[in-house]
Amino acid sequence: MSKTTAKKVFDVAQARKEFPILERTVNGHPLIYLDSGASAQKPQSVIDCIARYYREQHANIHRGVHHLSQQATQAYEDAREKIRQFINAEHAHEVLFTKGTTDGINLVAAAFGRKFLAAGDQIIISTMEHHSNIVPWQMICEQTGAMLKIIPINKRGELLMDEYESMLNDRTKLIAVAHVSNSLGTINPVEDIIKLAHQRDIPVLLDGAQAVPHKRVDVQALNVDFFAFSGHKLFGPTGVGILYGKQALLNDMPPYQGGGDMIERVTFEKTTYNTLPHKFEAGTPNIVGGIGLGAAVDFVSQYDEQEIVAHEQNILAYATKKLTDIDGVKIVGTAANKASVISFLLDGTHPFDVGTILDQLGIAVRTGHHCTQPLMDFYGIPGTARASFALYNNRADVDALVAGVRRAAAMLL
Ligand SMILES: Cc1ncc(COP(=O)(O)O)c(C=O)c1O
């Protein structure tokens, strides 16, 4: 995407000040928040936007002639336009508001699946998918008789691209893969995945939940067909997300849910449907969520993307080195191309115990299978501890984590 000269210089100390929650203590220690992969914290601008909306603007949208309704509608549609620019979609009506990544993937599985899948067809996903990019496909496969095919990975956590290529055939109807793995941090070669699929006219859905917080995504440059992400991982509110879809595909798909707003005309005999994006947005949406997500996009867009990437890669390299230096620590997911996510194990301990000791020190990491049980099965482990870093994390956070893991090792081993 084009860079503008008006970008603010990224400074982590400055950025931290925008997040009030980082000032609090947990268990008597300053909060060290290393769970942004699960949900990112919110900057003051997003918090203010949400409060302002409820204080001054709230009304239902798309329906009223009255002033407030029109204002709320304008704010909601302005947010859609901001998000269109953020992902560089061609049209605002290709940007659908959803409840989040899970909802977006379920929408495609149900609506695309109902129209285009038949017995014997194949959907390709990968070993490292989040459950939300596995289960919706299993559900539609059960209904249609289609089958799931799984791209294998190596021990570093990288897709075996030759195997992927050889899996593509005339029965393949859709590819659905994570852009960035939430458990491993692997950044998948999505450009190649899409090119190979398009050579056979197969559409591709990217689960972008872990991509947009770390890198700017240009859906037109990628030429991706569907792209789903969640607002709350991008410093925005919970309960809102985006499904981008190419208009030709969205127009071809039947609606996902029926109700208000998604109709053109209803009679008891027959209903005709509204145009995009409304056809896929039944019912009163999460209005404040959409507007808050617009504010979150404003927040990230104020920085030069390359500076954020450089900062996070610096933290990733520093943390990887420091954690690897600890006896007994093993990092799960060592792909050459990674986002700032580190899953690790401490030999002879359970990740839950490590996470509990870290919590006592005010350090928030995630423990468990991270909604990727088949991936954990691949590694033959029940789960990991995972530190996921966002733009507001600094080297002091890493030092606290490393000291905490050393303490856990001393207590547990
Ligand atoms: C890669 C990936 N996909 C999908 C999801 C689901 O996101 P949500 O729960 O916001 O719908 C997550 C959440 O952790 C994720 O990391």
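Q: What makes a pair of atoms a polar contact here?
A: A polar contact is a pair of N or O atoms within 3.5 Å; within protein, one has to be able to donate a hydrogen and the other to accept it, and residues adjacent in sequence count only if both atoms are side-chain atoms. The model is predicted, so local features need pLDDT of at least 70 and side-chain atom pairs pLDDT 80 or more, while totals for chains, interfaces and linings use all residues. Residues are numbered from 1 along each chain as its sequence is written, and side-chain values use heavy atoms, with hydrogens and water left out.

Q: How do you know that Q210 makes a polar contact with the ligand?
A: An N or O atom in the Q210 side chain sits 2.7 Å from a ligand oxygen. That is within 3.5 Å, so the pair counts.

Q: What puts K233 and T101 on that list too?
A: For K233, a side-chain N or O atom is 2.5 Å from an oxygen of the ligand. T101 uses a backbone N or O atom, 3.4 Å from a ligand oxygen. Both values are within 3.5 Å, so both pairs qualify.

Q: Why is S45 called partly exposed?
A: Buried means under 20% relative accessible area and exposed over 50%, with partly exposed in between (1.4 Å probe, protein chains only). S45 has 33%, so it falls in between.

Q: What does S45 touch?
A: S45 is in contact (heavy atoms within 4.5 Å) with A295 and F299, leaving aside residues up to four places away in sequence.
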